[in-house]
Each structure stands twice: as structure tokens, then as C-alpha cells.
Amino acid sequence: MTSNRSVAVIGAGLAGLSCASALQQAGLQVTVFDKSRGAGGRMSTRRGDGWQCDHGAQYFTASHPDFRQEVARWERAGVAARWAPVVHLIDGDGNREMDVRNERFVGVPAMSAPALHLALDLNVCGGAAITGLARAGDGWRLRTALPGYADTGFDMVLLALPAPQTAALLREAAPAQAALAERAEMFGCWAMMLRYDAPLALGFDAAFVQQGPLRWIARDSSKPGRSGPETWLLHASPEWSQAHLEDDPGVVGVTLLEAFRALDGPAPQAWTAHRWRYASTWPGSTAPYLWVPEHGLGMCGDWLAGGTVEAAWLSGRALAASVRGHLVASSNSTAEARQRKAEGGHCR
Ligand code: FAD
């Protein structure tokens with residue numbers, strides 16, 4: 001029914017991968033493009049000389065039954081596990097209390113593992129930045145420097161990118177959809193990866209912080225399956241990060257280490273700063289995905305659905321279900337038209 005339809009999914013974060021795998025299972029010919037070499041997007045892990053650290057998404061929750069089932073599959077495959085850290089809430093006056101609210105999961109042995117697992121069964125082209133999109137007949141043509149794909153046409157194109165990158169790609173080809181993406185707000189985040197020679201005794205594995213520039217601290221080494229030296233991660237707040245987005249990483253690093261020191265965090269042996277230009281989001285739309293059947297154009301991603309790993313996965317699945325529904329409906333109506341024609345009732 002659908003096997004001859006080709007789909008380009010742009011973005012190999014969790015939204016793109018969940019969408020692509022559902023469509024491939026439905027029999028479509030799916031190619032996933034990502035500008036980075038590996039899959040995972042913001043579910044990512046930085047590796048250095050003998051160390052590793054999740055510097056994007058820190059953990060995920062699984063509330064929706066479909067996502068819980070997916071996480072259970074990842075647990076069985078050994079690419080995700082529960083993380084049960086001691087979590088403190090540190091308020092503006094420095095008061096601390098325990099946070100026992102959430103069941104938390106992480107990728108194993110690194111946050112990128114579930115995405116890499118999903119990518120195994122897909123045709124994912126890494127190092128393939130898409131720089132332009134154009135309608136071509138009933139389908140689409142993508143502009144990319146990736147050898148062999150310069151002139152490939154696709155019946156459908158599905159964007160699984162942060163909102164500003166979605167807007168930039170659609171501005172000429174689909175201005176109405178680009179305008180929707182432009183309305184979604186996304187905020188940056190400065191991340192700091194700290195390495196130590198020996199474990200720290202701060203009394204917590206992670207903390208939500210409500211004072212100064214920091215919002216989140218985590219002992220990456222406390223996550224299951226991690227190896228290498230003692231590693232901690234600091235995230236600055238969206239407000240502070242956005243105000244300092246263009247600052248020099250060295251200056252940012254010194255400020256965030258000072259804030260960590262105020263919470264009893266000692267100076268690390270080594271550290272690395274990373275700037276996320278598009279980290280968190282407030283959805284600019286009430287629908288968790290967008291599908292324009294007459295153009296064979298779709299969009300999914302956390303910015304449409306709520307800004308979390310779970311929301312990104314659900315958004316990709318919801319878009320895939322809509323595309324499949326559309327293809328089934330159009331194949332049924334084609335079959336009915338053929339039937340009517342065969343019965344001679346279609347014209348006068
Ligand atoms: P992404 O993961 O951003 O994937 C988009 C992909 O598109 C990327 O791989 C990118 O390389 C690719 N791309 C972009 N432009 C192009 C182009 N032109 N051509 C080709 N490819 C392109 N969520 C949680 O649930 N819990 C957390 O603790 C948490 N903490 C976070 C902390 C930080 C610092 C950050 C950055 C995010 C955090 N999140 C957290 C959010 C979570 O990571 C995201 O909601 C989720 O990973 C988004 O997935 P996505 O597929 O929508 O987008």
C-alpha cells in the first residue's frame with residue numbers, strides 16, 4: 001500500500017527517529033538526514049580523553065503508556081535504565097530539601113544510547129546538513145552537500161528540527177508553516193562538564209538550584225553504566241544563558257564555577273563549557289505535530305509538544321500516525337474510484 005512512497009526525515013534527534021522508525025515499519029522508504037555525524041540531537045554525550053558526560057538532556061520521564069512501552073524496550077535492549085539519584089532542591093535562600101517526585105530514566109552507557117539504538121535499523125545519513133528545500137512536482141527536492149543525494153527527490157519531507165531551524169528551512173518553500181515555527185520561543189543553555197580525580201562528597205547526586213546563574217547540577221558518574229573519572233555537569237538557567245549566549249566560554253566557565261563553589265563545589269581538575277543555542281522551549285502551538293497532506297510536508301519535535309525527551313518521541317510518533325492515516329485514506333479512495341469506474345458509475 002505505502003511501500004513505494006519515499007520520505008525524507010530531516011533531523012535524527014528523538015522526534016525524527018521515532019517518526020522515521022514508525023514510518024519504516026509501515027513500509028515506507030525512509031531516509032533520515034542529520035547535520036551531525038551521529039544520531040541523538042540534544043540527547044547527547046560529550047567524550048574526551050577517557051571521560052564522558054551527558055551535556056544535553058539529563059534524564060527522561062515516561063508518563064504516556066506508549067512511551068513507557070518504548071522505554072521498556074530500551075531497557076530490555078540494555079540502552080536505558082532507571083537512575084535513582086539523591087536529588088536536592090536548593091532554594092533562593094540556600095535551604096535544601098529532598099526531591100522524591102520523579103521516576104527518572106537515562107540512556108546507558110550514555111544519554112545518546114537510545115537514539116543510536118533506534119538509528120541502527122534506519123538509513124541515517126550523518127554529516128548531511130540540509131541547506132534548502134524546494135517543491136518539485138508532487139514532491140520535494142532537498143539541497144545538501146552530501147554526495148549522491150544532491151538531486152534526490154522525495155514524495156514527502158518531514159522536519160524534526162528545533163523551531164528556528166525549521167523556520168529557516170521553510171521560509172521560502174512553505175511560508176505559513178515557517179511563520180508557525182517562528183512563533184515558538186527557544187532558549188539557550190550553557191553547560192559545564194567538570195572532571196575530578198576523586199569522588200566529591202556534596203551529599204547529593206543532583207540538585208535543582210533556584211539561586212544565581214545555575215539551575216541544575218548532576219553527578220554524571222552516578223548514572224548507571226558510566227565509566228571514567230568523576231564527572232559533574234552544571235547547567236545555567238535559561239534566563240542567564242540567554243543573556244550570556246554570546247559571551248566567551250572562558251568567562252562563562254569562571255562565573256559558573258564560582259556559583260558552584262558557593263554551593264560547596266570544589267574547583268575541578270579540568271572543565272569544558274558548551275553552549276546550546278536552542279535548548280529549551282515553550283510550545284508555540286497547541287498541536288504536538290503538523291502535517292500538511294496536500295504538500296506532503298510535516299513537522300515534529302519537542303517545540304511543538306512540550307520541550308522534553310518524552311514529548312519529542314510522542315511528537316514524532318503522532319506525526320507518523322497522521323502520515324500513515326493519510327496514505328491509507330488516499331489509497332482507499334483511489335480503490336473506491338477504480339471500483340466506481342469499473343462499475344461504470346463515475347461519469348455521465
Ligand atoms: P533535537 O534533539 O534537537 O534533534 C534535532 C536534530 O536536527 C539534531 O540532531 C540536529 O543536528 C539536526 N539538524 C538541525 N538542523 C539541521 C539541518 N539543517 N539539516 C540536518 N539536520 C539538522 N529533556 C528532558 O526530557 N529531560 C531533561 O533533563 C532535559 N534537559 C535538557 C538540557 C539541555 C541542556 C538541553 C539542550 C535539552 C534538554 N532536554 C531535556 C530537552 C530534550 O533534549 C529535547 O526535548 C529533545 O531531545 C528534543 O528532541 P528533538 O528530536 O525534537 O530535537
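What is the handedness of the crossing of helix 4 and helix 5? The legends below take up this question last, after the surroundings of the ligand, and they describe a predicted model.

**View 1. The shell of residues around the ligand.** In this predicted model, the ligand is surrounded by 35 residues, of which the closest are Asp-34, Arg-42, Tyr-59, Asp-302 and Val-309. When the residues of this shell are sorted by character, 18 are nonpolar, 13 are polar and four are charged.

**View 2. Polar contacts between the ligand and the protein.** The side chain of Asp-34 has an N or O atom that lies 2.6 Å from an oxygen atom of the ligand. The backbone also takes part, since an N or O atom in the backbone of Ala-15 is 3.0 Å from an oxygen atom of the ligand, while a nitrogen atom of the ligand is 2.7 Å from a backbone N or O atom of Tyr-59. The ligand on its own would expose 1000 Å², and the protein buries 91% of that area. Two or more residues of the shell around the ligand are given by each of helix 1 (14-25), strand 18 (270-282) and helix 9 (309-342).

**View 3. The packing of helix 4 against helix 5.** Two packed helices are described by the angle between their axes and by the distance between those axes. Here helix 4, which covers residues 163-170, packs with helix 5, which covers residues 175-183, at an angle of about 160°, and their axes are 8 Å apart. Because angles over 145 degrees count as roughly antiparallel, helix 4 is described as roughly antiparallel to helix 5. As for the opening question, the crossing of helix 4 and helix 5 is left-handed.

Key
Residues are numbered from 1 along each chain as its sequence is written. This is a predicted model: local features need pLDDT of at least 70, side-chain atom pairs count only at pLDDT 80 or more; totals for chains, interfaces and linings use all residues. Side-chain values use heavy atoms; hydrogens and water are left out. A residue is near a molecule or strand if one of its heavy atoms lies within 4 Å of it. A polar contact is a pair of N or O atoms within 3.5 Å; within protein, one must be able to donate a hydrogen and the other to accept it, and residues adjacent in sequence count only if both atoms are side-chain atoms. Accessible areas come from the Shrake-Rupley method with a 1.4 Å probe; for residues, only the protein chains shown count as cover. Helices (H or I, at least four residues) and strands (E, at least two) are DSSP runs, numbered from the N terminus. Ala, Val, Leu, Ile, Met, Phe, Trp, Tyr, Cys and Pro count as nonpolar, Asp, Glu, Lys and Arg as charged, and the others, Gly among them, as polar. Axes are lines fitted to C-alpha atoms, for helices over the stretch in contact, and angles run from 0 to 180 degrees between N-to-C directions. Angles under 35 degrees count as roughly parallel, over 145 as roughly antiparallel, 65 to 115 as roughly perpendicular and the rest as oblique. A crossing is left-handed if the near helix is turned anticlockwise from the far one by less than a right angle, and right-handed if clockwise.
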